[in-house]
Amino acid sequence: MTILGKKNYYVVKRGSRIGIFNNWPECQASVKGYKGAMFKGFETKAEALEWQAQKDEVSITIAGSSKANEQVNQESVVDFEVYTDGSYSNGRYSYGYAFIKDDQVVFESNGVGEDLEASSMRNVAGEIAAVRHAVEKAKTLDVRIRIYHDYSGISHWVNGDWQAKNKFTQAYVTFMRAHHGLYEFKKVAGHSGDRFNDYVDRLAKEALGLSTK
């Protein structure tokens, strides 16, 4: 495989060492002489992580028999897990999100929504705002995130399972699809005792001055 132009990150999927490298010599050492090597260079880390997370069709052997073109799931790599949530009270909606690394909150933010018309969607407006703010933060940091959400529409609108019927959900889908390389979704059950889901729920409520006791 020929890599042209300046690249800042190199992903090796098949080689003597696999992973992401930030220089060509390390990548080259991992794939040189390796039969069937698979690698690619990228300008940004987000692009590298997206390609690394993709499934590839490979030939594998199970119990002595070859199964060609069977898809092998690769563990998706993200830089941060991000929990998001929204809240609503008295005509105002709010959002809260937290970046998690090694089971610790490393960055958090919350706020009140500014679009009065969007408040007609109540807490869903806050759910959307939380995700958008989190993705914007990921873009600023040049990282890839796994978004944990408890409202199904957050992922269903983006992947097309639900139709985005109003201008707010349509704008959300447009934004998320434009930044698809920065994130992946994971649904969690709301109010189920999930530590960080409860944490961002409190963040969203605090933005509205609601009691979280």
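By the criterion applied here, in which a side-chain nitrogen of Lys or Arg lies within 4 Å of a carboxyl oxygen of Asp or Glu, the count comes to 8 salt bridges. The structure is a predicted model, in which local features need pLDDT of at least 70 and side-chain atom pairs count only at pLDDT 80 or more, whereas totals for chains, interfaces and linings use all residues. Residues are numbered from 1 along each chain as its sequence is written, and side-chain values use heavy atoms, with hydrogens and water left out.

Among these salt bridges, the side chains of D103 and R195 meet at 3.3 Å, N to O. D103 belongs to the loop between strand 7 and strand 8 and R195 to helix 6, so that the pair ties together parts that are 92 residues apart in sequence; helices (H or I, at least four residues) and strands (E, at least two) are DSSP runs, numbered from the N terminus. D103 is partly exposed, with a relative accessible area of 45%, and R195 is also classed as partly exposed, at 47%, where buried denotes under 20% relative accessible area, exposed over 50%, and partly exposed the range in between (1.4 Å probe, protein chains only). A further salt bridge joins R17 to E26 at 3.9 Å, N to O; R17 has a relative accessibility of 48% and is partly exposed, as is E26 at 32%. Within helix 6, K205 and D201 lie 4 residues apart, about one turn of the helix, and form a salt bridge whose closest N and O atoms are 2.8 Å apart. Of this pair, K205 is partly exposed at 22% relative accessibility, while D201 is buried at 13%. In addition, E81, R144, R146 and E184 are linked in a network of salt bridges.

K205 also enters the description of E127, a residue of helix 3 (residues 123–141). E127 is buried yet has no salt bridge, and the nearest side chain of opposite charge, that of K205, is 8.8 Å away; in this assignment Lys and Arg count as positive and Asp and Glu as negative, whereas His and the chain ends are not counted. When residues up to four places away in sequence are set aside, E127 touches T84, D85, G86, D150, Y151 and I154, contact being defined as heavy atoms within 4.5 Å.

Turning to the sheets, 5 strands form an open sheet of mixed pairing in the order 8-7-6-9-10, two strands being paired if DSSP finds at least two bridges between them. Strand 8 (104–112) and strand 10 (183–187) stand at the edges with a single partner strand each, so one side of each is left without a neighbour in the sheet. Neighbouring strands of this sheet are turned by 25 degrees against each other on average, direction ignored. Strand 7 (residues 92–101) pairs with strand 8 in the antiparallel sense over 8 bridges, and F99 has F107 in strand 8 as its bridge partner.

Helix 3 lies across strand 6 (80–89), strand 7, strand 8, strand 9 (145–149) and strand 10, and runs at about 40 degrees to strand 7. Helix 6 (residues 195–207), by comparison, lies across strand 6, strand 7 and strand 8, at about 145 degrees to strand 7; axes are lines fitted to C-alpha atoms, for helices over the stretch in contact, and angles run from 0 to 180 degrees between N-to-C directions.

Elsewhere, strand 1 (residues 9–14) runs antiparallel to strand 3 (residues 38–42), to which 5 bridges join it, with V12 standing opposite F39. Strand 1 is also joined by 3 bridges to the antiparallel strand 2 (residues 19–21), Y10 standing opposite F21, and a hairpin connects strand 1 to strand 2 through 4 residues.

The largest nonpolar core, a set of buried Ala, Val, Leu, Ile, Met, Phe, Trp, Tyr and Cys residues joined through side-chain atoms within 4.5 Å, comprises 32 residues, of which V135, I145, W157, Y172, M176 and Y183 touch the most other members. Strand 6, strand 7, helix 3, strand 9, helix 4 (153–159) and helix 5 (167–178) each supply at least two residues of this core, and the largest share, 9 residues, comes from helix 3. Neighbours within four places in sequence aside, I145 is in contact with residues including V78, F80, V82, F99, V135 and Y183. Another core, of 8 residues, lies apart from the largest one and has Y83, A98, Y148 and V188 among its members.
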